[in-house]
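Welcome, and thanks for taking a look at this one. Here is a short briefing to read alongside the sequence and the 3D view.

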Amino acid sequence: MATYTLPELPYDYAALEPVINPQIVELHHDKHHAAYVKGANDTLEQLEEARDKEAWGAINGLQKNLAFHLSGHILHSIYWHNMTGDGGGEPLAADGVGDLADAITESFGSYAGFKAQLTKASATTQGSGWGVLAYEPLSGKLIVEQVYDHQGNVGQGSVPILVFDAWEHAFYLQYKNQKVDFIEAMWQVVNWQDVAKRYAAAKERVDVLLLAP
């Protein structure tokens, strides 16, 4: 039995129009995300075979592949739920996401400052990557991370709560080479209710990092 499975989309392919067209959503989920799930499962099988045979010649590549595919699966699983056709705007206490709004202000000085940082981090990824808003458990604050591929340039222990996919497959069929335009448009579909739930869950996991016994 496979360890990882492709989750179903929480909406239909057309739900994010006009920001993301149905063709992109279908290809992105059914082909690209599915490939990361398959890649993670295949790599686990190859690692099991390596242990059984005590054949470690490919260990460096296998460990890199596991990090790549598993991180791709995790980030995409968050990505789909981070978006809704009824999203966008600014997180507000009146909408039941006051704790998240306060954390953003505390961590970045203002919502505008946060939005600018995440936009720039996402839009200026070198090649393929992600812009990520993450909860950092040591400080108890939010940080922005610019992730290379799916797994590089990440602070250990940080918990992603809002992710912007800056890989070309996320936007090229609709936005061509205008990554900046896509990232700007993404703010129109942010599901702040989902982000707030992820923030609350991350805060509750206070014992995740045991720095000393």
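Helix α2, residues 59–81, lies across β1 and β3, and its direction makes an angle of about 80° with β3. Please keep in mind that this is a predicted model. The protein chain has seven helices and three strands, and the points below start with the sheet and then move out to the helices and a few single residues.

**The sheet**

- The three strands make an open sheet with the order β2-β1-β3, and their pairing is antiparallel.
- Because β2 (141–148) and β3 (159–165) stand at the edges with a single partner strand each, one side of each has no neighbour in the sheet.
- From one strand to the next, the twist averages 25°.
- Strand β1, residues 129–136, runs antiparallel to β3, and six bridges join the two.
- If you would like a pair to look up, Y135 has V159 of β3 as its bridge partner.
- How enclosed is β3 by the rest of the structure? Five of its seven residues are buried, so β3 is largely enclosed.

**The chain as a whole**

- Read from the N terminus, the elements come in the order α-α-α-α-β-β-β-α-α-α.
- A compact globule of 213 residues would have a radius of gyration near 17 Å, so the 18 Å of this protein chain agrees with that expectation.
- Along the principal axes, the C-alpha atoms fill a box of roughly 60 × 50 × 30 Å.
- Buried residues make up 44% of the 213 in the protein chain.
- The accessible surface amounts to about 11200 Å², and carbon and sulfur atoms account for 50% of that area.
- Taking contacts between residues at least 6 apart in sequence, 70% join residues that are at least 24 apart.

**Helices α3 and α6**

- Helix α3 covers residues 98–108, and its buried residues include G98, L100, A101, A103, I104 and F108.
- The cover over these buried residues of α3 includes α4, β1, β2, β3 and α7 (192–204).
- Just after α3 comes G109, which takes a positive phi of about 90°.
- Which residues of helix α6 (residues 179–186) are buried? They are K179, F182, I183, A185 and M186.
- These buried residues cover an arc of only 160° around the axis, which means that they sit on the same side of α6.
- Their packing partners are α2, α4 (111–123), β3 and α5 (172–175), so β3 comes up here as well as in the account of its largely enclosed setting.

**Two buried histidines**

- H28 is found in helix α1, which spans residues 22–53.
- With a relative accessible area of 1%, H28 is buried.
- Leaving out residues up to four places away in sequence, H28 touches H33, H76, Y79, W80, D165, H169 and A170.
- H69 belongs to helix α2, the helix that lies across β1 and β3.
- Is H69 buried or exposed? Its relative accessible area is 18%, and buried means under 20%, so H69 is buried.
- Not counting residues up to four places away in sequence, the contacts of H69 are A35, Y36, G39, A40 and T43.

**A loop residue, E90**

- E90 sits in the loop between α2 and α3.
- Its relative accessibility is 40%, so E90 counts as partly exposed.
- Which residues is E90 in contact with, leaving aside its neighbours within four places in sequence? The contacts are D95, Y111 and W192.
- E90 and A112 lie 22 residues apart in sequence, with a C-alpha to C-alpha separation of 9.4 Å in space.

Conventions: Residues numbered from 1 in each chain as written. Predicted model: local features only at pLDDT ≥ 70, side-chain atom pairs only at ≥ 80, totals over all residues. Heavy atoms only, no water. Pairing = 2+ DSSP bridges. Helix = DSSP H or I, 4+ residues; strand = E, 2+ residues; numbered from the N terminus. Axes fitted to C-alpha atoms, helices over the stretch in contact; angles between N-to-C directions. Contact = heavy atoms within 4.5 Å. Rg over C-alpha atoms; globule rule 2.2 N^0.38 Å. Buried < 20%, exposed > 50% of the residue type's maximum accessible area, 1.4 Å probe, protein only. Areas by Shrake-Rupley, 256 points an atom, 1.4 Å probe, with all protein chains shown as cover. Arc of directions from axis to C-beta.
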